[in-house]
Structures are given as structure tokens and as C-alpha cells.
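Let's take a relaxed walk through this model, going from whole chains down to single residues. Keep the 3D view open as you read.

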Amino acid sequence: MLNSWPEGRVREQVLQAKSDDVKRALQCDDLSPRDLAALLSPAAEASLEEMARLSNRVTRRHFGRTIALYAPIYLSNVCTSDCIYCGYATRSGMKGERHTLKESEIHAECRALASHGFQSVLLLTGDAPRVAPIEYLARAVEIAREYFASVSVEVYALDVEGYQRLADLGLEGVTLYMETYHKETYAKVHLKGRKKDFNYRLAAIERAGLGGVRKLGIGALLGLYDWRIDGFWTALHAKYLQKKCWQSAVSVSFPRLLHTPNRYPVEGLPSDREFVQLILAMRLFLPEVGFNLSTRERAGLRDGLIPLGVTHMSAGSSTRPGGYASCGEQTLPQFEIEDRRTPAEVVSTIRSAGYDPVWKDFDHSFHGV
Amino acid sequence: MEKDRLIIAGRSFGSRLMVGTGKFPSAKALRDAVIASKSEIVTVALRRADLSKRGADSILSALDPSKQLILPNTSGARNAAEAVRLAEMARAAGLESWVKLELTPEPKYLIPDPIETLVAAEKLVKAGFVVLPYIQADPVLAKRLEEIGTAAVMPLGSPIGSNRGLKTREMVRIIIEQSNVPVVVDAGLGAPSHAAEAMEMGADAVLVNTALADANDHAAMAKAFALATEAGRLAYLAGLGPVRETAEASSPLTGFLG
């Protein structure tokens with residue numbers, strides 16, 4: 001995938017796109033990678049409103065006027081990698097307690113989230129297989145299934161057997177961001193640990209598919225590298241996964257690096273307009289793919305994006321282990337969230353936008369366990 | 001038309017329009033559409049419905065089981081075992097033992113898996129379910145399912161949610177011609193004229209969802225589909241004239257010969 005669209009070719013397509021290329025892309029039902037490049041280009045900025053209208057129509061046809069809700073539980077902030085943009089990194093310089101939830105604490109966190117109505121949860125850890133080994137993840141999935149219809153994980157890259165073991169326990173989804181698809185940048189920002197292995201990480205999400213995981217979530221951290229190019233590669237990755245793991249549903253997240261440790265000031269952060277352009281371009285290229293938007297983004301922007309292509313939103317999130325019930329504000333957060341509204345407030349906003357908030361979209365009966 | 005009722009598994013229905021419940025923007029929008037459609041069979045995805053909290057669930061709370069048969073569907077199931085488990089779960093939770101069998105292992109176009117559908121249908125029929133399988137418009141598969149004992153067959157008009165209409169027209173025509181069980185054209189019917197077209201061909205019923213959920217006025221679109229379904233049925237019963245390439249005078253040109 002990356003071989004047939006090397007950086008030079010993508011950059012050329014994106015930078016040379018003219019308004020005629022954008023117009024042609026907007027008239028297509030089935031967009032080619034060239035059309036996607038045109039929609040990601042500076043030339044498409046003038047067509048943002050038209051892209052928004054089309055994106056609204058396409059999303060409505062595939063997903064209806066619904067927004068599915070989920071929330072994260074950070075199981076552990078212990079991390080042996082040193083990713084310079086991340087609060088959890090060994091040398092991030094961020095203050096706060098390192099903690100890995102005990103079983104009783106996982107129960108307490110699940111109970112607290114479920115009491116808001118959540119039926120879909122995302123379990124996260126840092127990159128520390130010794131502190132949170134596969135056995136720990138398996139137990140966490142089992143516990144979470146007592147409280148939620150759907151359980152997903154966002155953890156360090158596993159092998160096929162690891163994913164299969166979790167899938168057999170009833171895990172529905174795996175989210176794993178490539179962070180950046182640009183090899184040189186990847187090497188520059190991942191200083192230490194197993195995560196340095198670009199190829200092992202790139203192939204991880206398809207290993208999850210091979211292991212029987214039904215939902216595969218990908219994304220690039222927006223701000224690490226040129227968002228137009230990383231966005232393009234993310235979209236191609238999604239298409240690749242749809243063919244390779246044909247029984248799994250692919251979703252894409254749009255994590256913008258709004259907050260980073262002091263040692264890594266972000267230079268290439270997409271502006272709000274550019275961020276929206278990216279989501280709209282991706283929606284038109286990937287009409288049937290779920291798009292996730294987290295509380296990293298502020299309330300006003302999230303609300304504006306409800307009709308424009310987003311299909312899944314988190315709400316009331318804490319990025320600290322034990323942040324809902326067990327540990328208060330002592331533990332180190334991965335990043336600061338912007339949208340601090342309660343789940344009930346987010347639900348009420350979704351309703352006023354004319355959308356149905358969906359809590360449940362999976363059932364334990366799919367699994368025999 | 002009074003006596004022209006749809007009979008499935010010995011049960012009689014006054015409407016030949018079935019409605020799906022996904023993608024609606026609110027419980028009220030769904031309720032308005034269902035009422036205006038006059039539909040008596042409404043299908044609900046078991047993965048979406050929260051059977052433990054029916055009053056709070058935005059789909060179940062919008063329906064009236066005294067007026068509509070709640071037809072649970074197994075959408076999202078990737079193989080026969082999953083579909084069977086979902087159906088058993090619904091029955092255990094108190095829903096009627098009817099099931100719309102949806103086995104769509106491929107999440108992009110939601111094309112049904114014929115092999116797993118056949119396996120699941122056989123198990124569910126044996127377990128006492130009234131089975132309505134969603135299938136590709138495959139006449140042989142339709143016959144195989146009929147032999148197993150499904151109560152109907154539900155061939156697709158075009159991929160779910162695509163609004164493209166009856167792209168499978170030729171195969172649907174053969175299914176209708178050969179079937180001894182009701183044929184319900186499901187999926188892809190995006191406009192009332194598509195529903196009318198299927199009914200004119202002799203389909204026993206149609207199922208619509210996206211076209212209603214995505215309309216600006218859900219109730220008006222539901223009514224439009226109800227009228228089109230009825231019109232198509234009436235035309236089928238009345239006997240449509242053959243389609244001709246050229247104009248043909250209604251009065252005989254050789255009448256003068258006596």
C-alpha cells in the first residue's frame with residue numbers, strides 16, 4: 001500500500017491538484033486515490049461547504065442520523081516506550097502517579113461508567129507488557145463484559161494469538177493508531193522500546209483481523225507529520241484492511257495532538273478548518289467506514305461535526321487510570337481533554353442536533369462465551 | 001382488496017409493507033413512520049435493541065406490539081452459530097419465535113452469506129422458529145430454503161441502504177415465479193416507485209428502512225411507500241398489459257372485416 005503511493009507521489013498529487021480536480025472528485029460516486037488527494041489539497045479549501053453537504057448526505061445514507069456513544073477506561077499509565085509526544089512516555093516530564101488498576105478497581109470504573117448508560121467501552125494501557133501482560137488484558141476484558149455489551153481495547157501491538165485470545169473472550173474491537181505512516185518521522189518520535197519497530201506496528205491491526213476481531217480502528221496522530229499526507233495513507237490503509245480483513249468493520253479516528261509534553265511542541269497541527277477538511281475528504285472516500293471523535297476536541301467543534309461524517313463519540317472521558325471512581329485526580333493523564341461535558345449533556349446535544357444517541361450496537365449473544 | 005391479505009406461516013397481515021427500524025433520528029421519528037406506514041411487521045436488530053430496558057430503548061419504546069409483529073433480526077451475525085444464538089436469546093427474552101435471518105459477514109455491502117444462511121435456517125426451523133431469510137436474489141437458494149421450511153424468502157433488490165432500486169429484477173422475477181412461500185423484496189428500495197415495481201411483478205411484500213429513516217418527513221415518506229405498495233399490488237392483481245416497443249391502437253384495425 002505504502003509502496004504504490006510513496007511520499008513523493010502523494011505530495012505531488014496533493015500539491016498539484018486544481019479546482020477542476022476537486023470538482024471532478026465531488027461529482028464521483030466512487031472516489032479514486034487521486035480524487036482523495038484532490039479533496040485533501042489546498043485547492044479544496046474553497047469547496048469546504050460543498051464537501052460538507054455531500055458528506056452529510058453520504059453519512060446519513062449509511063449510518064442514518066445516529067451517533068454511537070462510548071467511553072474509555074485507562075487501565076494503566078505505566079509505559080516502557082518513549083514516544084516524545086505522549087504524556088505516558090517514560091521521560092515525558094509530566095507529573096503524576098503511575099498506576100495499574102487492580103481487579104476491584106476495574107470493577108469500580110466499569111460500574112461508574114455503566115451507570116451513565118454506556119454499553120460500549122474502550123480499555124487502554126500504555127506500552128508495558130510486563131506490567132499489563134496478555135493475561136491481565138484478558139481478565140480486564142472478562143470483567144468489562146460483565147458491564148458492557150461491547151468491549152474494545154487500545155493497547156500495545158500483539159501477535160495474532162494474543163488478539164485471538166481476546167476475541168475468543170468476547171472482545172469486539174481493537175484500536176491501534178499507526179501514529180504516523182511516515183517512516184522517518186516515526187523513527188524520530190519513537191525513541192525507545194518495542195514500539196520503534198515500524199513494520200510490526202503497521203501490520204498489527206491486520207493481525208487483529210486475522211485473530212477474529214470484528215472492529216478494527218486506525219488513525220494517525222494529527223500534527224506529527226503533514227496531515228494531508230498521513231490522512232491520505234490512513235485512508236488507503238482503511239481500504240487495504242477492508243479487502244484483507246473482509247469480515248471486519250474498519251473505523252478511523254482523528255486524534256489531533258492538541259496537548260503534548262513541553263519537550264515536544266507540535267508544529268504541523270491542522271487548523272480547525274483543515275481538520276474538518278480532512279474528515280470530509282475521508283468521509284467521501286470511505287462512505288461506509290465509522291468515524292470516531294474523542295473528547296480531545298472542544299465541545300463546539302464536536303457539536304459542529306455531528307452531521308458531517310462522525311458516527312461515534314466518546315463522552316465524559318477521563319484519561320487517568322481510576323479517573324472515574326478509584327483514584328481521583330492523582331494519577332497521570334495521557335493528555336488533557338477539551339470537552340468536559342457529562343455524558344448526559346453530550347446526549348442532550350446530540351438529540352437537539354436531530355440525531356439519535358445509540359448506546360448499544362452489539363450483543364453478547366454474538367459470542368458463545 | 002379487503003380479502004387480499006398477506007399470509008405468512010398461517011398468520012394474516014393487512015399490510016404488505018414491512019418496515020425496518022434502524023437509522024432513525026429519534027424514537028418519535030420512528031413511531032411516526034411506523035404508524036403512517038400502517039405496517040404490521042416491524043423488524044428490530046437484536047444487536048441494537050436493549051431487551052433489558054425496553055422502556056428506555058429508542059427503538060423498542062417506539063413500537064406497539066399489539067399493532068405490529070416485532071420481527072427480531074440477526075443483523076451483524078457473521079456465521080450460523082451467532083445468528084442462532086441471537087434468535088434463541090430473543091425468544092428467551094420473550095419475543096415471538098419469528099426471526100428475520102440476516103447473515104452478513106461482510107460489513108461494507110452487507111451481502112448475505114448463502115451458505116451460513118442455509119445452515120442457520122435449517123437449525124432455526126428445527127428449533128421451531130418461523131424463519132424469514134434475507135438472501136441474495138438467487139432462485140436456487142430460494143428453493144433450497146423453501147424446502148428446508150422457511151416461512152418466506154427475502155431477496156435483496158440491491159445492497160442494503162443503497163436506495164438503488166430493483167437491480168436484481170431478473171432474478172427476483174424467477175424467484176417469484178417459482179416460489180411456494182411468500183417473496184418479500186428487501187433492501188435497496190429507495191423510492192416508492194421501486195416498491196411499486198416489486199409489487200407489480202408479483203412480490204408478496206416489500207421491506208423498507210433507509211428510505212424512511214433518511215426522509216425529511218418520515219411519516220409522509222412512509223405513507224408514500226404504503227400507497228405505492230398497495231398500488232403495485234392492485235396493478236398485479238388487475239393484470240398488467242404487456243410492454244410493447246411501438247404504439248398500438250386500442251381499436252382493431254381489421255374491425256371492418258366483421
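A residue is called buried if 20 or more other C-beta atoms lie within 10 Å of its own, exposed if 12 or fewer do, and partly exposed in between. By that rule, 50% of the 258 residues of chain B count as buried. Keep in mind that this is a predicted model, and that every value here is computed from it.

## The two chains

Chain A has 369 residues, and buried residues make up 56% of them. Here is how some overall features of the chains look in a table.

| Chain | Helices and strands | Box or span along the principal axes |
|---|---|---|
| Chain A | 14 helices, nine strands | roughly 60 × 45 × 40 Å |
| Chain B | eight helices, ten strands | about 75 × 40 × 35 Å |

What radius of gyration would a compact globule of 369 residues have? The answer is near 21 Å, and chain A has 19 Å, which agrees. You can try the same check on chain B: with 258 residues, a compact globule would come out near 18 Å, and the 19 Å of chain B agrees with that.

Next, think about which parts of a chain touch each other. In chain A, take the contacts between residues at least 6 apart in sequence: 78% of them join residues at least 24 apart. For chain B, residues 24 or more positions apart account for 62% of the contacts with a separation of 6 or more.

## Where the chains meet

How many residues does each chain bring to the contact? Chain B gives 27 residues and chain A gives 22 residues. On the chain B side, helix 2 (80-92) and helix 7 (210-213) each supply at least two residues. The largest share of that side, five residues, comes from helix 2 of chain B. Sorted by class, the side of chain B that touches chain A has ten nonpolar, seven polar and ten charged residues.

## Helix 1 of chain A and its partners

Now zoom in on helix 1 of chain A, which covers residues 7-16. One partner is helix 11 (residues 227-244) of chain A: the two pack at an angle of about 110°, with their axes 10 Å apart. Angles of 65 to 115 degrees count as roughly perpendicular, and therefore helix 1 and helix 11 of chain A are roughly perpendicular to each other. Their crossing is right-handed.

Who meets whom here? From helix 1 of chain A come A:Glu7, A:Val10, A:Arg11 and A:Val14, and from helix 11 of chain A come A:Arg228, A:Ile229 and A:Phe232. By class, this contact has four nonpolar, no polar and three charged residues.

Another partner is helix 3 (residues 33-40) of chain A, which packs against helix 1 of chain A at an angle of about 55°, with the axes 7 Å apart. These two helices are therefore oblique to each other. Helix 1 of chain A passes helix 3 of chain A in a right-handed crossing. In this pair, A:Val10, A:Gln13 and A:Val14 of helix 1 meet A:Arg34, A:Ala37 and A:Leu40 of helix 3. The classes here are four nonpolar, one polar and one charged.

## Three residues to click on

Start with A:Phe275, which sits in helix 12 (residues 272-285) of chain A. Is A:Phe275 buried or partly exposed? It counts as partly exposed, because it has 19 C-beta neighbours inside 10 Å. Leaving aside neighbours within four places in sequence, A:Phe275 is in contact with A:Leu222, A:Arg256 and A:Pro270. A:Phe275 and A:Arg256 are 19 residues apart along the chain, and their C-alpha atoms are separated by 8.2 Å.

Next up is A:Glu179, in the loop between strand 4 (173-175) and helix 8 (183-189) of chain A. A:Glu179 is not a glycine, yet it has a positive phi of about 75°. With 24 other C-beta atoms within 10 Å, A:Glu179 is buried.

Finally, look at B:Lys38, in the loop between helix 1 (27-37) and strand 4 (41-45) of chain B. B:Lys38 has a positive phi too, of about 55°, although it is not a glycine. B:Lys38 counts as partly exposed, because 19 C-beta neighbours lie inside 10 Å.

Conventions:
Residues are numbered from 1 along each chain as its sequence is written. Chains are lettered from A and ligands numbered from 1 in the order in which they are written. This is a predicted model: local features need pLDDT of at least 70, side-chain atom pairs count only at pLDDT 80 or more; totals for chains, interfaces and linings use all residues. Two residues are in contact if their C-beta atoms, placed from the backbone, lie within 7 Å. Helices (H or I, at least four residues) and strands (E, at least two) are DSSP runs, numbered from the N terminus. Ala, Val, Leu, Ile, Met, Phe, Trp, Tyr, Cys and Pro count as nonpolar, Asp, Glu, Lys and Arg as charged, and the others, Gly among them, as polar. Axes are lines fitted to C-alpha atoms, for helices over the stretch in contact, and angles run from 0 to 180 degrees between N-to-C directions. Angles under 35 degrees count as roughly parallel, over 145 as roughly antiparallel, 65 to 115 as roughly perpendicular and the rest as oblique. A crossing is left-handed if the near helix is turned anticlockwise from the far one by less than a right angle, and right-handed if clockwise. The radius of gyration is taken over C-alpha atoms; the globule rule is 2.2 Å times the number of residues to the power 0.38.
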